[in-house]
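Please consider the following points while viewing the structure. They concern a sheet and a helix.

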Amino acid sequence: IQYFQMTGRLLSTMIMKDGHRMKLYEGKIGTTYLVESVHVEDAINRRLEALGVNENTPLLVMNKKNSGTMIIKVRGTRLALGRRITGGIEVKEEAAS
């Protein structure tokens with residue numbers, strides 16, 4: 001499956017191979033993503049939902065470490081998430097307005 005997205009003057013292409021979906025820890029600093037799905041333990045999933053991390057919710061990657069730990073901004077709140085959680089959140093890049 002191939003997706004094309006126009007972001008300003010740049011045409012970015014994302015090719016999904018073998019069913020691979022982008023995990024949150026693969027995101028870039030300063031980029032906004034939409035949550036596609038969340039696959040974590042039930043207790044963590046409930047907490048993320050309470051904090052506003054739901055499907056189709058935009059989130060901004062504010063900072064990240066090579067270990068997969070990230071600081072994101074969602075619904076006006078900054079959250080620090082570890083690799084286990086960021087690896088369970090599938091995202092796609094938000095389309096430019």
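1. Two strands are said to pair if DSSP finds at least two bridges between them. Helices (H or I, at least four residues) and strands (E, at least two) are DSSP runs, numbered from the N terminus. The model is predicted: local features need pLDDT of at least 70, side-chain atom pairs count only at pLDDT 80 or more, and totals for chains, interfaces and linings use all residues. Residues are numbered from 1 along each chain as its sequence is written, and side-chain values use heavy atoms, with hydrogens and water left out.

2. Strand β5 (residues 70-74) pairs with β6 in the antiparallel sense, over five bridges. Within this pairing, Ile71 has Ala80 of β6 as its bridge partner.

3. Both strands belong to an open sheet of five strands, in the order β6-β5-β4-β3-β7, with antiparallel pairing. The edge strands, β6 (77-81) and β7 (89-93), each pair on one side only.

4. Helix α1 (residues 42-50) has Ile44, Asn45 and Leu48 buried (under 20% relative accessible area, 1.4 Å probe, protein chains only). Seen down the axis of α1, the buried residues fall within an arc of 100 degrees (taken from the directions from the helix axis to the C-beta atoms), so they line one face of the helix. On the other side of α1, Asp42, Arg46, Arg47 and Ala50 are exposed (over 50%).

5. The cover over the buried residues of α1 includes β3 (32-38), β6, α2 (83-86) and β7, where contact means heavy atoms within 4.5 Å. Just after α1, Gly52 adopts a positive phi of about 100 degrees.
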